[in-house]
Amino acid sequence: MKWLAVKVCFEYQDTALAADLIADCFYTVGLKGVVIDDPVADPDEDWGTDALPPAESDAVTGYLPRDGHHENTLAALQKSLGKLERATGIRCRVVCSEI
């Protein structure tokens with residue numbers, strides 16, 4: 001099965017709050033888990049030398065199965081993010097890639 005990685009990059013002063021609110025948008029369209037990227041995360045000393053580098057920007061990523069419903073789910077997510085942006089001022093940019 002193919003998947004669609006939906007990455008929501010955002011700008012907001014309170015990044016933890018913004019990440020939580022964007023994650024809620026994913027949950028409202030039926031996704032049960034997300035990945036939160038934090039560019040200022042400080043890696044532990046015990047991280048291996050082959051660890052992934054820190055994220056380039058604040059973002060929340062969810063994964064949609066590429067099935068007959070993914071376009072409707074993506075549209076619902078974008079609508080929810082639009083409402084969030086109007087209500088809070090969190091600026092969001094959605095980037096999709098197939099994996």
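These are my notebook entries on what I looked up in this structure, which is a predicted model.

**Entry 1: the core**

I began with the inside of the protein. The largest nonpolar core holds 17 residues. Val6, Phe10, Ile22 and Phe26 have the most contacts inside this core. I then asked which elements each supply at least two of the core residues. They are β1 (3-11), α1 (15-28), β3 and α2 (70-88). Helix α1 gives the most, with 5 residues.

I picked Ile22 for a closer look and left out residues up to four places away in sequence. Ile22 touches Val8, Phe10, Val60, Leu81, Leu84, Ile90 and Cys92. Phe10, one of those contacts, is also on the list of residues with the most contacts inside the core.

**Entry 2: Leu84, seen from the other side**

Leu84 turned up among the contacts of Ile22, so I followed the trail to helix α2, where Leu84 sits. Is Leu84 buried or exposed? Leu84 counts as buried because its relative accessibility is 10%, and the cut-off for buried is under 20%.

With the same sequence neighbours left out, Leu84 touches Leu21, Ile22, Cys25, Gly89 and Ile90. I also checked the spacing to Leu21: the two residues are 63 apart along the chain, yet their C-alpha atoms are separated by 7.8 Å.

**Entry 3: Ser80, also in α2**

I stayed in helix α2 for one more residue, Ser80. Ser80 counts as buried because its relative accessibility is 19%, and buried means under 20%. Leaving out residues up to four places away in sequence, I found that Ser80 touches Cys25 and Thr28. Cys25 was already in my notes as a contact of Leu84.

**Entry 4: strand β3 and its partners**

Next I turned to β3, which covers residues 59-65. Why do I call this strand largely enclosed by the rest of the structure? The reason is that 5 of its 7 residues are buried.

I looked up which strands pair with β3. Strands β1 and β3 run antiparallel and are joined by 7 bridges. One place to see this pairing is Cys9, whose bridge partner in β3 is Ala59. Strand β2 (residues 35-37) also pairs with β3 in the antiparallel sense, over 3 bridges. Here I can point to Ile36, which stands opposite Val60 in β3. Val60 is a residue I had met before, among the contacts of Ile22.

**Entry 5: a patch on the surface**

Tyr63 belongs to β3, and I wanted to know how open it is. Tyr63 counts as partly exposed because its relative accessibility is 34%. Tyr63 helps to make a nonpolar surface patch, together with Met1, Trp3, Val35 and Ile99. The patch has an area of about 530 Å².

**Entry 6: salt bridges**

How many salt bridges does a search of the whole structure find? The search gives 4, and I noted several of them here.

Asp37 and Lys7 meet through their side chains, at 3.6 Å from N to O. Asp37 is in strand β2 and Lys7 in strand β1, so this pair ties together parts that are 30 residues apart in sequence. The two residues have their own accessibility labels: Asp37 counts as buried at 19% relative accessibility, and Lys7 as partly exposed at 31%.

Glu11 forms a salt bridge with Arg91, and the closest N and O atoms are 2.4 Å apart. This pair links distant parts of the chain, with Glu11 in strand β1 and Arg91 in strand β4 (residues 91-98), 80 residues apart. Arg91 is partly exposed, with a relative accessible area of 48%.

Arg66 and Glu98 also meet in a salt bridge, at 3.2 Å from N to O. Arg66 lies in the loop between β3 and α2, and Glu98 in strand β4, so the pair ties together parts that are 32 residues apart in sequence. Arg66 counts as partly exposed at 36% relative accessibility. Glu98 is partly exposed too, with a relative accessible area of 44%. I closed the page with Lys2, which is linked with Arg66 and Glu98 in a network of salt bridges.

Key
Residues numbered from 1 in each chain as written. Predicted model: local features only at pLDDT ≥ 70, side-chain atom pairs only at ≥ 80, totals over all residues. Heavy atoms only, no water. Patch = residues over 30% accessible without salt bridge, like charges linked within 9 Å, V, L, I, M, F, W, Y side chains within 5 Å. Areas by Shrake-Rupley, 256 points an atom, 1.4 Å probe, with all protein chains shown as cover. Helix = DSSP H or I, 4+ residues; strand = E, 2+ residues; numbered from the N terminus. Buried < 20%, exposed > 50% of the residue type's maximum accessible area, 1.4 Å probe, protein only. Core = buried A, V, L, I, M, F, W, Y, C linked by side-chain atoms within 4.5 Å. Contact = heavy atoms within 4.5 Å. Pairing = 2+ DSSP bridges.
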